[in-house]
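Let's work through a few short exercises on the chain shown below. Try each task yourself before reading its solution.

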Amino acid sequence: MKEEILGVTVNKETEQQLLDNIQNDIEMGRKSRIVAINPEKVMMASKDPALRTLLNESTYQIPDGVGIKIASRMRGGAIRERVTGIGMMDALLQLANKHGHRIFMYGAKKATVELAAQNIQTKYPNLIVAGTLDGYEKDPEKIIQAINEAKPQILFVALGSPKQELFIRENMERLDVNIFQGVGGSFDVYSG
Ligand code: UDP
């Protein structure tokens, strides 16, 4: 269930409802991609139709930023709860921990992603960090191969926006992954 804010669609569901849908996607073997929508992206997309398409064609557009909640309310919309990109990542890690899902972390500097992975594994011992790869590897074949060999259900891509959304769109067909989330600077946060 979605509503439109200046031409960008945003999901109305609460975080818990989205998580239920995502777990269902994993069980059904569906591929879904998650993008966080904040006011900056909405403003950029209003001037850039290609970016608007890139955002709108995602499976889930989560309402990141208080500005999205306020814009929804002003337009008579139904979004009442903010769902941040990092909040959604943490919720997905909890889901993975509950079900023993495999995750892969791609992006950021090598030391950052490795430290973030260690911290996540300590915090969530029941999920499986199936692999990590820094965001400066240039050979797309190596990237695809590393991810497919790890067989994760959930892939977090931290390349910044819109680079991460472009990577996901271009490669999702070839990647043996269910859930794709672009997470911006989140690995830097988990590494701290
Ligand atoms: N990054 C990367 N490869 C690149 C460019 C950026 O891995 O080619 C990483 C960078 O190291 C940082 C993240 O992408 O960890 C970008 O975070 P930023 O906060 O700029 O993203 P935003 O959330 O603002 O989109």
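**Warm-up: strand partners**

In β8, R33 has F180 as its bridge partner. This is a predicted model, where local features need pLDDT of at least 70, side-chain atom pairs count only at pLDDT 80 or more, and totals for chains, interfaces and linings use all residues. Residues are numbered from 1 along each chain as its sequence is written.

**Exercise 1.** Find the strands that β3 pairs with, where pairing needs at least two DSSP bridges between two strands.

*Solution.* Start with β3 itself, at residues 32-37; strands here are DSSP runs of E, at least two residues, numbered from the N terminus. Next, go to β8 (residues 179-182): three bridges link β3 to β8 in the parallel sense. Then turn to β4 (residues 60-63), which β3 joins over four bridges, also in the parallel sense. In that pairing, V35 sits opposite Q61 of β4.

**Exercise 2.** Work out whether β3 is mostly covered or open.

*Solution.* Take the cut-off: a residue is buried if 20 or more other C-beta atoms, placed from the backbone, lie within 10 Å of its own. By that count, five of the six residues in β3 are buried, so the strand is mostly covered. For the chain, buried residues make up 39% of the 192 residues.

**Exercise 3.** Check the chain's radius of gyration, taken over C-alpha atoms, against the globule rule of 2.2 Å times the number of residues to the power 0.38.

*Solution.* For 192 residues, a compact globule would come out near 16 Å. The chain has 16 Å, so the two agree. Along its principal axes, the C-alpha trace spans about 45 × 35 × 35 Å.

Methods
A residue is buried if 20 or more other C-beta atoms lie within 10 Å of its own, exposed if 12 or fewer, and partly exposed in between; C-beta atoms are placed from the backbone. Two strands pair if DSSP finds at least two bridges between them.
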